[in-house]
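Hi,

Here is the model I said I would pass on. Have a look, and my notes follow below.

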Amino acid sequence: MFKKILIANRGEIAVRIIKACQEMGISSVAVYSEVDRESLHVQLASEAVCIGPAPAIESYLNIDKIIQASRQAGAEAIHPGYGFLAENSEFARSCEKEKLVFIGPNSKALALVGDKIRSRQTMEKAGVPIIPGMKNIPKDLSEYKQAAQKIGYPVMIKASAGGGGKGMRIVDNPKDLKSYLEAGQREAKSAFGDESVYLEKYIEEPRHIEFQVLADNYGNIVHLFERECSIQRRHQKIVEETPSQALDLKLRTLMGETAKKVMQVSGYNNAGTVEFLLDKNKNFYFLEVNARLQVEHPVTELTTGVDLVHQQILIASGEKLSFKQEELFQRGHSIECRIYAEDPVNNFLPSSGRVTFLKEPKGPGVRHDCGIYSGCDVPIYYDPILAKLIVWAENRENACQRIVNALDDYVVLGINTTISFLKEVINHPQFRKGKTTTSFIKMYFDKWEGKKKTEENLRLALIASAFDSFNKTYTGKSAGPAQKEIFSPWLSLGKWRLGGGK
Amino acid sequence: MEYEFLVNSVLHKISLEKKENIFLVSDGKKTFKADICFISPNVISILIEGRSHKVYLARDKDKMYISLEGEQFIVQEPLESGESFQKSEEKSQEHELMIKAPMPGKVIKINVSEKENVRKNQTLAIVEAMKMENEIKSSIEGYVKKILVSAGDLVDSENPLMELVKKRGVP
């Protein structure tokens, strides 16, 4: 087993991986950019190394600096998290060359599944169903135009090098093709350092169903069932759950076995996810392999009882899978909401700045994977994900109620978040019925403006402000700037005096 | 004790008067009793006519960020100079419009040039923050008078990006 692992990421996922290291008795090394000196992952890790200025391209995407930090700290393995270098085969190759273990698939499999076009060709040959689309990256606009005509509008622009909605656009009208392609290429370039985009047929109103797979270095492969991630905004997942309401035992088994086959023909090892689209007639199409730990991995952990980060580390260190397919079961229901720093009532504009106060939701069956704290700054440079709220309950209905209550119990002050929006999504009658498609948000929340502020609440806000100012004036005490530690016993014990009980 | 606060650029007045353990609250329209106390430095409990309210509050410079019953408010203390609280958009001459950055970010592209005519909803610039591109669109028909930033610049929220002039006779 490894003694020391470097985590080449930031935010909630770096925190999640550091905690797994602590649980396994492994020393952790955080890397950080100049604006992340005070970030949570830097505080939690056993060691921390600054790897450069704020822009990701000069720090979290800088392969040389990360390899150098690993050698300097004496780490034996690197966990890339998700995003940044997680699916960069050049990075995986550099690690292999430097005799550092990349906690993820081997660089050859990563290069294959990361090349969305080559992987589709491979899958097509292996008999896995795929969506009609381009088979190469064109050199100029006219080739894109021709391909779009042939596939038939609407077409989808997709980044060759990554997922997560970056670089993605739907083109309904031929006249928009040029400007959307340009925007997609720029986004792809800034997110992944590679501007290649391609086109494929856009299937309307499908469900997004993905299968979690674990493969060890000895050819043993299991799937850990599905996650449904149909609730998306701008092709970015915002709510995920398992089990899916659309699958029965037969379809689940068929899709799971197909997912395993995808990994087998790719020569894949470690944790990965096979994404499918499921149409309303229950036909499924292979989309792509996400060759990394997924943002939404916790819902699988809560329903299968398998810790995916532990498994990733065990597999990377050369352990065999300790369980077989027939030993895996789904138990209960789990839902995750992604908490983004975006303003839901103002066209989801990114919201950076100081988190002046955070109250984390708590309770039975509630898990909060979090990268922020009261008093931290959210920089403009990175993905707006702040945290993930995940619940587990005996069934879907209870899970829905539990996550709504937890969202009610969740307070972030200072920046805008999607908390209020997520609450309404879960409370929507169509969501409660399990009628979820990837068009859900566009269909039901396109013109969402948020709840109207009530007179009564405004008055209460003013009373609280006046009360706070009153105390500031008369006692010099006030809420003051952000409190960094709200659970200090000095604050929660209330008034007391030494020997006062006598 | 009288207090003045700005919420969404609107001025509100409220007074608190301490009577033993209770406060007399007056907002100009009516006066009522309220039992108010700190639960912790960021949590205030308010009892009015037996109803219990929990308010979360955190200060940052001159702003108070408040959350109650899932609603968010930003309450600001007015500046002492007593300057006018109108938005500067409205302050500028009627036929001119200042386009501002809606959030902190980086200018990726300026899509227009000075003196160029612009249509309503035409994209003027692209500002990127948190890896998402956001198109800044024109809310009017007119022309570009002056461009104040260039591609690559970092901008803060409310930073002026460019000045537009409205076409006469068009609302």
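Start with helix 11 of chain A (residues 308–316; helices are DSSP runs of H or I, at least four residues, and strands are E runs of at least two, numbered from the N terminus): eight of its nine residues are buried, meaning under 20% relative accessible area with a 1.4 Å probe, protein chains only. Among them are Leu308(A), Val309(A), His310(A) and Ile313(A). Asp307(A) caps the N-terminal end, with a side-chain oxygen 3.1 Å from the backbone nitrogen of Val309(A). After the helix comes Gly318(A), with a positive phi near 100 degrees.

A word on conventions: this is a predicted model, so local features need pLDDT of at least 70 and side-chain atom pairs 80 or more, while totals for chains, interfaces and linings use all residues. Residues count from 1 along each chain as written, chains are lettered from A and ligands numbered from 1 in the order written, and side-chain values use heavy atoms, without hydrogens or water.

Now the interface. Chain B puts 57 residues and chain A 60 into the contact (heavy atoms within 4.5 Å). The buried area is about 5300 Å², 67% of it from carbon and sulfur atoms (accessible area lost on being put together, 1.4 Å probe, summed over both parts). On the chain B side, Arg59(B), Met130(B) and Lys131(B) lose the most area to chain A, together 17% of what that side buries.

There are four salt bridges between the chains (a Lys or Arg side-chain nitrogen within 4 Å of an Asp or Glu carboxyl oxygen). One joins Arg459(A) and Asp27(B), closest N and O atoms 3.2 Å apart. Strand 6 of chain B (residues 51–60) gives the most to that chain's side, with eight residues.

Cheers

Note on methods. Buried area is the accessible area (1.4 Å probe) that two parts lose on being put together, summed over both. Buried means under 20% relative accessible area, exposed over 50%, partly exposed in between (1.4 Å probe, protein chains only). A polar contact is a pair of N or O atoms within 3.5 Å; within protein, one must be able to donate a hydrogen and the other to accept it, and residues adjacent in sequence count only if both atoms are side-chain atoms.
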